[in-house]
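Here is a friendly walk through one chain, its sheets and the way its parts meet. Have a look at the structure first, then read on.

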Amino acid sequence: MISESARIIALTGAGMSAESGVPTFRGRGGLWRNYEPQQLATPEAFARDPLLVWEWYNWRRAAIHEAQPNAGHKALAALEQTGRHVTIITQNVDSLHSRAGSTHVIELHGSIWKSVCTGCAAVFWDRRGKLSTLPPLCPECHQMLRPGVVWFGESLPPMAWQASAEACSEAEVLLVIGSSGVVYPAADLAPIARQAGAWVIEINLEPTALSSLADLSFHEAAGQILPKLLQ
Ligand code: OAD
């Protein structure tokens, strides 16, 4: 399927970066101080206790700062070098695909290195690990900054969503890698590609909500199987 296809998409989730040491949201490693991510990654949680939410993001910033692209990220970047059009649509906010060398990366859920002012909406980028002062304030208007990521209940960046849906409707193969497939609208991309005639190949440690839609499922770690598959 892959060797005969020119347009390939990888839809990636937290499992893609698990072997780089970035904790996933669900399952093992998801808990932080006994909070589920769903309790923290919401506008309501931020309104109620911004310091708590920032402390969680600071923990994730530290882990992501230490992380390096793994063999799976590198294999996807190498696939692009073979002349195929490879688009990465990621729910991850860690920039590891770009750091591995992939050049067409759509960050559906934003970036952990971006902060947005809750007052004047100014955008700031800071790729250092942990922030020293929490919550951080806007250097322009002194209102609080918020992480530049998409939270539950918020809309995806419209351009990123449109580009993702378009890419999926033209894909020949969609690889769904390390995603539980329960967060929408990202999980809608697999049916879009399927309906447009793409092969759907799932790579995940375990069966997921998207397994029944897949033509093939590999239940193995992404960093193990991707280099073998894409070779
Ligand atoms: P989840 O944490 O929900 O799921 C991670 C998936 O990766 C699970 O299905 C695991 O079985 C699988 N997995 C773990 N390690 C793996 C490995 N080494 N190789 C392959 N698979 C592995 O992550 P997402 O599906 O990305 O959104 O979650 C989607 C969204 O929910 C996130 O982007 C985030 C989260 O809350 C927001 O914050 C809005």
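The report below takes up the domains, then each sheet, then the interface.

## Two domains in one chain

Please keep in mind that this is a predicted model. The domain assignment splits the chain into domain 1, made of 1-22 + 68-109 + 155-231, and domain 2, made of 23-66 + 111-149. Between the C-alpha centres of domain 1 and domain 2 the distance is 25 Å.

## The six-stranded sheet

One open sheet has six strands in the order β3-β2-β1-β7-β8-β9, and their pairing is parallel. At its edges are β3 (105-107) and β9 (216-218), each of which pairs on one side only. Neighbouring strands here are turned by 15 degrees against each other on average, with direction ignored.

For a look inside this sheet, take strand β1 (residues 7-12) and strand β7 (residues 173-177), which are paired in parallel over five bridges. I8 has V173 of β7 opposite it. Helix α5 (residues 71-81) packs on the sheet and touches β1, β2 (85-90) and β7, with its direction at about 150 degrees to that of β2. Helix α7 (residues 158-169) lies across β1, β2, β3 and β7, and runs at about 135 degrees to β3.

## The three-stranded sheet

Another open sheet has three strands, ordered β5-β4-β6, and here the pairing is antiparallel. Its edge strands, β5 (123-125) and β6 (145-149), each pair on one side only. From one strand to the next, the twist averages 40 degrees.

Strand β4 (residues 110-117) runs antiparallel to β6 and is joined to β6 by four bridges. V116 has R146 in β6 as its bridge partner. Helix α4 (residues 50-66) packs on this sheet, where it touches β4 and β6; the direction of α4 makes about 140 degrees with that of β4.

## Where the domains meet

How many residues of each domain are in contact with the other? There are 15 in domain 1 and 14 in domain 2. Together the two domains bury about 1,100 Å² between them, and carbon and sulfur atoms give 57% of that area. On the domain 1 side, A14, V22 and V93 lose the most area to domain 2, together 43% of what that side buries.

What of the polar side? Two residue pairs are in polar contact across the interface of domain 1 and domain 2, while zero salt bridges are found there. Helix α1 (residues 14-18) supplies the largest share of the domain 1 side that touches domain 2, with three residues.

Methods. Residues are numbered from 1 along each chain as its sequence is written. This is a predicted model: local features need pLDDT of at least 70, side-chain atom pairs count only at pLDDT 80 or more; totals for chains, interfaces and linings use all residues. Side-chain values use heavy atoms; hydrogens and water are left out. Two strands pair if DSSP finds at least two bridges between them. Helices (H or I, at least four residues) and strands (E, at least two) are DSSP runs, numbered from the N terminus. Axes are lines fitted to C-alpha atoms, for helices over the stretch in contact, and angles run from 0 to 180 degrees between N-to-C directions. Contact means heavy atoms within 4.5 Å. Domain bounds come from an automatic or database domain assignment. Buried area is the accessible area (1.4 Å probe) that two parts lose on being put together, summed over both. A salt bridge is a side-chain nitrogen of Lys or Arg within 4 Å of a carboxyl oxygen of Asp or Glu. A polar contact is a pair of N or O atoms within 3.5 Å; within protein, one must be able to donate a hydrogen and the other to accept it, and residues adjacent in sequence count only if both atoms are side-chain atoms.
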